[in-house]
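Open the model in your viewer and keep the selection box handy. We will go from stop to stop, and at each one you will hear what to pick and what to look for.

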Amino acid sequence: MLLDFHNTMAVVRSMETWIDEAGSLLARRPASRSTAAERLGNVWGDARKLFPALDWDLDPAAHRHAFVSALSQDGAIALDFAGALYETMPNQWKLNRGVSDFIVRASGAGVLLAIVSNIALDIRPALEGWGIASALDAVVLSYEVGYVKPDPRIFQLAADLLNTDPADCLMIGDSAYDDVGGAVLGMQCIVTRPEEMWRAFELASPR
């Protein structure tokens, strides 16, 4: 089984907590918490409007630049505060509902598991912190392998690392665009909203 990371396995704790942690880093708060929270909620959509041709999930520097620029455009958020929000981003991740039980059940049943994520940050420290890293057989991150979903090559690579055929894999994710790229290889996929992901985990769990 292949799993997306953000909005599938992991979700953000809360915008308010994130803003507070960034504020603690700088010993001050943004002029408007509501503006900061709104910008955070739309940051990657705003980044796509600003940089429509930028593949930031392949380059950590571009990833940070897109995030900080989207937040600080028009001076809505100070540049240093946008940077602090970026630096504290990994601390905001928490496991989505149902993930831990799914990982334990699937791994215990001998199911091979891999994460396939469009991201330019190393998620392994979070996986270690959650105690699930040892249950994963592969971690495939776009910035490390040079492919971004929905490119079929990233799904093929994940299947190769699991020493299995893509047609024998199931991908679970939240994007009807990114996470279905393996379909051309015969890979099945379950796509649902982050808050409903526990249903997908229940459906995919070994019986």
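The tour below visits a helix crossing, some aromatic rings and a few individual residues in this predicted model.

**Stop 1: two crossing helices**

Begin by selecting residues 15-26, helix α1, together with residues 79-87, helix α5. Their axes come within 9 Å of each other and cross at roughly 115°. The crossing is right-handed. Now show side chains: from α1, the contact uses W18, I19, A22, G23, L25 and L26, while α5 contributes D80, F81, A84, L85 and E87. Colour these by class and you will find eight nonpolar residues, one polar residue and two charged ones.

**Stop 2: aromatic rings**

How many aromatic pairs does a search of the whole structure find? There are seven. Select F5 and W93 to see one of them: the ring centres are 5.1 Å apart and the planes stand at 80°, so this pair is edge-to-face. F5 sits in the loop between β1 (2-3) and β2 (10-12), and W93 belongs to strand β3 (residues 93-95), so the pair ties together parts 88 residues apart in sequence. Both F5 and W93 are buried.

Next, pick W44 and F67. With ring centres 5.7 Å apart and planes at 55°, this pair is tilted. W44 is in helix α3 (residues 43-50) and F67 in helix α4 (residues 60-72), so here the parts tied together are 23 residues apart in sequence. Are the two partners buried or partly exposed? W44 counts as partly exposed because its relative accessibility is 27%, whereas F67, at 0%, is buried. Extend the selection to W18, W44, W56, F67 and Y86, and you have a cluster linked by ring pairs. You have already met W18, on the α1 side of the helix contact.

**Stop 3: R39**

Move to R39 in helix α2 (residues 33-41). Its relative accessible area is 16%, and the limit for buried is under 20%, so R39 counts as buried. Which backbone oxygens does the R39 side chain reach? One is that of L71, at 3.0 Å, and another is that of Q73, at 3.2 Å. To see the wider surroundings of R39, display D46, A70, L71, Q73, D74, A76 and I77, which R39 touches beyond its neighbours up to four places away in sequence.

**Stop 4: K149**

Where is K149? Look in the loop between α8 (142-145) and α9 (152-161). This lysine is another buried residue, because its relative accessibility is 3%. Draw a distance from the K149 side chain to V116: a polar atom of that side chain lies 2.9 Å from the V116 backbone oxygen. Leaving aside residues up to four places away in sequence, K149 touches D4, V116, S117, N118, I154, F155, M171, D178 and D179.

**Stop 5: I172**

Finish at I172, in strand β6 (residues 170-173). At 0% relative accessibility, I172 counts as buried. Show what surrounds this isoleucine: beyond residues up to four places away in sequence, I172 touches L2, L3, D4, T8, F102, I190, M197, A200, F201 and A204. D4 may look familiar, as K149 touches it too. For a last distance, join the C-alpha atoms of I172 and I103: these residues are 69 apart in sequence and 13 Å apart in space.

Note on methods. Residues are numbered from 1 along each chain as its sequence is written. This is a predicted model: local features need pLDDT of at least 70, side-chain atom pairs count only at pLDDT 80 or more; totals for chains, interfaces and linings use all residues. Side-chain values use heavy atoms; hydrogens and water are left out. Axes are lines fitted to C-alpha atoms, for helices over the stretch in contact, and angles run from 0 to 180 degrees between N-to-C directions. Helices (H or I, at least four residues) and strands (E, at least two) are DSSP runs, numbered from the N terminus. A crossing is left-handed if the near helix is turned anticlockwise from the far one by less than a right angle, and right-handed if clockwise. Contact means heavy atoms within 4.5 Å. Ala, Val, Leu, Ile, Met, Phe, Trp, Tyr, Cys and Pro count as nonpolar, Asp, Glu, Lys and Arg as charged, and the others, Gly among them, as polar. Buried means under 20% relative accessible area, exposed over 50%, partly exposed in between (1.4 Å probe, protein chains only). A polar contact is a pair of N or O atoms within 3.5 Å; within protein, one must be able to donate a hydrogen and the other to accept it, and residues adjacent in sequence count only if both atoms are side-chain atoms. Rings of Phe, Tyr and Trp (its six-membered ring) pair if their centres lie within 6.5 Å; planes under 30 degrees apart count as stacked, over 60 as edge-to-face and the rest as tilted.
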